[in-house]
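Trainee: I would like a close look at one part of this model: the strand that pairs on both sides and the pockets around it. Please give the cut-offs as you go.

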Amino acid sequence: MEIVHYPDPVLRKKAAVVAEITDEVVARAREMLELMYEAQGVGLAAPQVGWSVQLCVVNQTPEKRANERVCINPVIVDTSGEEVCEEGCLSFPEVRGNISRATRLTCRFYDLDGERHEVVAEGLLARMFQHEIDHLNGRLIVDRMTPASRLAVRSRLKDLEREHGARRDRSLV
Ligand code: CO
């Protein structure tokens, strides 16, 4: 399992609902958590490892493993407030930009035991839920950035597009 980078087409697909929590789903979710910690991220969505399903992992305090969450079929049911903050994404190495997000929300999801959760989140965690659930709908940080940020990251995006093209060409030979 490895993290795929923009502009890999899997990042643009609408992810499928998880119909059943199989042993494979559990194993993959655990592998995603390890990959997230290894990459020093606070969140990772299944499409970012080439797995197009509605599942993401988050931990806003990676030094405290007790706070990690696996979110299956997550939905945001309520939002309020608005704040612009700088954001990055493990699928966009060396890209950061300002993005406006709700400051408070309620997120409903299932965990690996099939138990239903309803979490009221604020600040960073609220932002993380929005970011990861965007991934499950094929939405990426570049779609949400302020015009100034989008302009600032343009040449870096071109680099990533070239790298992706080169990798694809190599895999064809
Ligand atoms: Co991301």
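Mentor: Two strands count as paired if DSSP finds at least two bridges between them. Strands are DSSP runs of E with at least two residues, helices are runs of H or I with at least four, and both are numbered from the N terminus. The model is predicted, so local features need pLDDT of at least 70 and side-chain atom pairs count only at pLDDT 80 or more, while totals for chains, interfaces and linings use all residues. Residues are numbered from 1 along each chain as its sequence is written, and side-chain values use heavy atoms, with hydrogens and water left out.

Start with β3, which covers residues 69–80. Strand β2 (residues 55–58) pairs with β3 in the antiparallel sense, over 4 bridges. One of the partners here is R69 in β3, which is bridged to V58. β3 also pairs with strand β6 (residues 104–110), again in the antiparallel sense, over 6 bridges. In that pairing I72 faces Y110 of β6. Within β3 sits N73, a residue other than glycine whose phi is positive, near 50°. As background, side chains in a regular strand alternate between the two faces of the sheet.

R69 leads on to the second largest pocket, since R69 is among its lining residues. A pocket here is an open set of points on a 1 Å grid over the protein atoms alone, where a 1.4 Å probe fits and protein lies on both sides within 12 Å along at least five of seven lines; lining residues have an atom within 4 Å of a point. The second largest pocket has a volume of about 200 Å³, a volume being the space filled by probe spheres set on the points, joined across faces, edges and corners. Besides R69, the lining includes R30, L33 and E34, then R65, E68 and V70, and further along F109, D111, L112, D113 and H117. Two elements give two or more residues to this lining, α1 (23–38) and β3. α1 gives the most, with 3 residues.

The largest pocket has a volume of about 380 Å³. Its lining has 21 residues, of which V42, E87, G88, C89 and R96 are the closest to the centre. The elements that give two or more residues to this lining are β4 (83–88) and α2 (123–136). The largest share comes from α2, with 6 residues.

Between β4 and β5 (96–101) there is a loop, and E94 is in it. E94 has a positive phi near 60°, in a residue other than glycine, as was the case for N73. E94 is exposed, with a relative accessible area of 71%, where exposed means over 50%, buried under 20% and partly exposed in between (1.4 Å probe, protein chains only). S149, by contrast, is buried at 9% and lies in helix α4 (residues 147–152). Leaving aside neighbours within four places in sequence, S149 is in contact (heavy atoms within 4.5 Å) with G97 and N98.

One backbone point remains, in the segment before α1, where P7 lies. The peptide bond from Y6 to P7 is cis, with omega near 5°.
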